[in-house]
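Please look over the sequence and the structure below. The paragraphs that follow go through a few of its local features.

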Amino acid sequence: MMLSTDPFDDDKLKEECGIFGIMGKDSAAAMTALGLHALQHRGQEAAGIVCFDGEHFNAHHARGHVGENFNSDSVVAKLVGNAAIGHTRYPTTGETSLRNIQPLFADFDFGGFSIAHNGNLTNAHTLRRNLVKRGCLFRSTTDTEVIIHLMAIAQAERPLDRLIEALKQVEGAFSLVCLGKDMLIGIRDPHGVRPLVLGRLDTAYVLASETCALDIIGAEFIRDIEPGELVVISQDGLNSFHPFRPVPKKFCIFEYIYFARPDSSLEGLSVYEARRNIGAELAREAPIEADVVVPVPDSGVPAAIGYAAESGIPFDLGIIRNHYVGRTFIQPTDRIRHLGVKLKHNANRRFIDGKRVVLIDDSIVRGTTSTKIVEMIRAAGAKEVHMRISSPPTAHSCFYGIDTPESEKLLAHNYTVEQMCRFIGADSLAFISLNGLYRAVGEKVRNDAEPQYCDACFSGTYPIALTDHTAKDVQPVLSFLSQDE
Ligand code: AMP
């Protein structure tokens, strides 16, 4: 058993997640398992499904991949009902205790209610301290649980109004799917930081983080849920509400660069196309004489295709990725991360030897991957190694749902591009500019006064208050048990 001094004892919460919900279809849990399988890239640590059979809620939560835990008929067969929600989770600090695996579920006076959340609440810490002082007993260490307690003490009567009352008090990024006795709810925070799409399968409605989760069950894409929109799906069909004060949209631009799957379309733009466009922009902004363009697989591939097409330099798979490397190898310590990179990638020597290589990756975070890859490409006989990165330098932490280390550990936070180039051992290094990135996603130019996207990890301009982060040092420390169940 471990005693923690604080529920959120880092300078930020670290979670990336995928969410899914369906109502009006037999075998809703099986559909949800498939949807979560398509969203596995958004969280590999744990998964959960809660379903409703008309009388009872049933749930299964497990550590590990969706396929390992929700493939057996025995598990999915127990999850009966025509409505279900699910969640994939990827926390990066501490153990994943069962109690932290979502969807969360609570028995209210009005009945059962379940919530699955993608994003991070930036005032969860502050709210939690106040709720604990008022006598609320938390059972998890997730930021999401504050929503449950705020609903429990809300003044409003109807469950939907209580949810809205709760959500008006939280800050940060939240795409949510919720399941009540007779309704499935989908919500995006007023800025729309994280994605959420709506689909249809026969007469059933489907909600999912990305369109690839609609494809896997053959559902038709209807539209993105709008920023600040709340949809209620019930026997009356679908009703849409806009309960929050409108604010400028701030969709996370990093979803296009790295996080979302390339076969998804978000906010009307294909993720693959965005990445290819970024590669082409990068070729125009940072050209170099070379013999071959090589992606760091898999995330660098679409941008490398764009770079090669624009520059006219041949494209080759000069690095092959081993897909069977478990996540254990890439976390949690830096030492193991180093080992992980070697296990994950191998040079395709014949296509590197004697060549001037342009390497394309999507980002440099701590610099571990780039350093190892450059070393590996040189060892394979490359004459020159030029690194091109399809994002601007990641110089600031994300507090809205993408896992990044504290800013002090980010290479770009501490070094200039020239120093970073020396650090990773490349002959040259260039990143796409912020404006180049905006052009690649269809904007003429970044509106510096009111950026069209959330690009805080590059610009340091945080569109939503970081209440917990700024208040951290002045708040009393809360003691609580954080053990595995
Ligand atoms: P690093 O080795 O720390 O510089 O990390 C850079 C590598 O991590 C790149 O190859 C990216 O594809 C990948 N990456 C970037 N952002 C994330 C993230 N939020 N979670 C996991 N991997 C990431």
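In which loop is P103 found? P103 belongs to the loop between β5 (83-91) and β6 (104-108). The model shown here is predicted, and in it the peptide bond from Q102 to P103 is cis, with omega near 0°. A second cis peptide bond joins P297 and D298, where omega is about -5°. D298 sits in the loop between β18 (292-295) and α10 (301-311). Most peptide bonds are trans, which is the reason for pointing these out.

Two loop residues have a backbone angle that deserves a look. Most residues other than glycine have a negative phi. S27, however, has a phi near 55°, a positive value in a residue that is not glycine. S27 is part of the loop between β2 (15-23) and α1 (28-38). With a relative accessible area of 44%, S27 is partly exposed. D202 is also not a glycine, and its phi is positive at about 55°. The loop that holds D202 runs between β10 (197-201) and β11 (204-208). D202 is exposed, with a relative accessible area of 57%.

Next comes a helix. Helix α9 covers residues 271-285, 15 residues in total. From its first C-alpha to its last, α9 reaches 21 Å, close to the 21 Å expected at 1.5 Å a residue. At its N-terminal end α9 is capped by S270, which has a side-chain oxygen 3.3 Å from the backbone nitrogen of Y272. The buried residues of α9 include the nonpolar-to-charged pair of neighbours A274 and R275; V271, I278, G279, A280, E281, L282 and A283 are buried too.The last stop is the ligand. How many residues surround the ligand? There are 15, and the closest are D361, D362, V365, G367 and T369. By type, the shell around the ligand divides into five nonpolar, five polar and five charged residues. Some contacts involve side chains: a nitrogen atom of the ligand is 2.9 Å from an N or O atom in the side chain of Y258, and an oxygen atom of the ligand is 3.1 Å from an N or O atom in the side chain of S299. The backbone takes part as well, with a polar backbone atom of T368 lying 3.4 Å from an oxygen atom of the ligand. Taken alone, the ligand exposes 500 Å², and the protein buries 86% of that. Two or more residues of the shell come from each of the elements α8 (254-259) and α12 (368-379).

Note on methods. Residues numbered from 1 in each chain as written. Predicted model: local features only at pLDDT ≥ 70, side-chain atom pairs only at ≥ 80, totals over all residues. Heavy atoms only, no water. Near = heavy atom within 4 Å. Polar contact = N/O pair within 3.5 Å; in protein donor to acceptor, adjacent residues only side chain to side chain. Areas by Shrake-Rupley, 256 points an atom, 1.4 Å probe, with all protein chains shown as cover. Helix = DSSP H or I, 4+ residues; strand = E, 2+ residues; numbered from the N terminus. Nonpolar A, V, L, I, M, F, W, Y, C, P; charged D, E, K, R; others polar. Expected span 1.5 Å × (residues − 1). Buried < 20%, exposed > 50% of the residue type's maximum accessible area, 1.4 Å probe, protein only.
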